[in-house]
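Q: Please take a close look at one part of this predicted model, the loop that holds residues with an unusual backbone angle, and then set that part in the context of the rest of the chain.

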Amino acid sequence: MPYGFVSYNSIENAHTLAHAAKNKHPQGTTIVLAPKPQDLIWKNLPLAKKQRRWGRFINNVWFVVLTVAWIAPNALSAVFLSNLGHLGQVWPAFQTQLRKNPTWWAIVQGVVSPAVTSLFYFYLPAVFRRLSIRSGDL
């Protein structure tokens with residue numbers, strides 16, 4: 001395996017060694033303090049640098065695609081959901097309903113736009129986390 005773990009009697013000893021080995025690569029190794037075992041993505045540890053680099057590239061492509069894809073729904077939400085009067089201007093049948101029940105549609109307008117945005121930002125970190133795991137992050 002291209003990795004290994006060493007245990008020490010105390011945390012201070014481990015930190016002393018990591019500090020002493022900083023910017024040095026004895027026999028081609030890199031010595032760093034390990035994260036907690038539950039924080040490691042174990043299936044990504046044996047990946048080669050080339051595989052990680054390719055995964056990072058694909059991950060960045062997905063980030064760009066998702067960012068660009070979010071522009072249109074975000075703009076539509078900002079224009080139409082935050083002010084339902086704009087939606088009524090392009091949809092005459094909705095304008096009639098908007099005039100009949102202004103209180104109801106004011107409540108909907110106040111809830112729907114923030115709810116849609118909140119849901120998106122609730123799930124977005126999970127999507128990016130999964131993309132990072134697939135890209136080979138440790």
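A: In this predicted model, Gln27 is exposed, with a relative accessible area of 86%, and its place is in the loop between α1 and α2. The backbone of Gln27 has a positive phi of about 50°, although the residue is not a glycine. As a general matter, most residues other than glycine have a negative phi. Asn23 is found in the loop between α1 and α2 as well, and its phi, near 65°, is likewise a positive value in a residue other than glycine. Asn23 counts as exposed because its relative accessible area is 71%, which is over the 50% cut-off for that class.

The loop also belongs to an annotated stretch of the chain. According to UniProt, in an unreviewed entry, the annotation "domain: CSC1/OSCA1-like cytosolic" covers residues 1–44. Over residues 1–44 the model is 23% helix and 0% strand, and the end C-alpha atoms of this span are 12 Å apart.

The largest pocket, with a volume of about 1,100 Å³, is lined by 29 residues, of which Gly4, Thr30, Ile31, Val32 and Ala34 are the closest to its centre. Two elements, α1 (11–20) and α2 (49–81), each give two or more residues to the lining of this pocket, and the largest share, five residues, comes from α1. By residue class, the lining of the largest pocket divides into 20 nonpolar, seven polar and two charged residues.

Beyond the loop, the unreviewed UniProt entry places the feature "domain: CSC1/OSCA1-like 7TM region" at residues 56–137. In the model this span is 93% helix and 0% strand, with its end C-alpha atoms lying 8 Å apart. The same record, again unreviewed, gives the feature "transmembrane region" at residues 61–84 and 104–124. Residues 61–84 are 92% helix and 0% strand, and the end C-alpha atoms of that span lie 35 Å apart. For residues 104–124 the values are 100% helix and 0% strand, with 30 Å between the end C-alpha atoms.

Ser113 offers a contrast with the two loop residues described above. Ser113 is found in helix α5, and it counts as buried because its relative accessibility is 12%, which is under the 20% cut-off. When its neighbours within four places in sequence are left aside, Ser113 is in contact with Ser77, Leu81 and Ser82.

Buried nonpolar residues are gathered elsewhere in the chain, where the largest nonpolar core is made up of five residues, namely Leu84, Phe94, Leu98, Trp105 and Val108. The elements that give two or more residues to this core are α4 (92–100) and α5 (102–135). Leu84, when its neighbours within four places in sequence are set aside, is in contact with Phe94, Leu98, Trp105 and Val108, and also with Gln109.

To return to the part under request, the loop between α1 and α2 holds Asn23 and also Gln27. Asn23 combines a positive phi with an exposed position, and Gln27 likewise has a positive phi and is exposed.

Key:
Residues numbered from 1 in each chain as written. Predicted model: local features only at pLDDT ≥ 70, side-chain atom pairs only at ≥ 80, totals over all residues. Heavy atoms only, no water. Core = buried A, V, L, I, M, F, W, Y, C linked by side-chain atoms within 4.5 Å. Buried < 20%, exposed > 50% of the residue type's maximum accessible area, 1.4 Å probe, protein only. Helix = DSSP H or I, 4+ residues; strand = E, 2+ residues; numbered from the N terminus. Contact = heavy atoms within 4.5 Å. UniProt positions renumbered as here; feature names shortened; annotations may be inferred. 1 Å grid on protein atoms, 1.4 Å probe; cavity = no way out; pocket = protein on both sides within 12 Å on 5 of 7 lines; lining within 4 Å. Points joined across faces, edges and corners; volume = space filled by probe spheres on them. Nonpolar A, V, L, I, M, F, W, Y, C, P; charged D, E, K, R; others polar.
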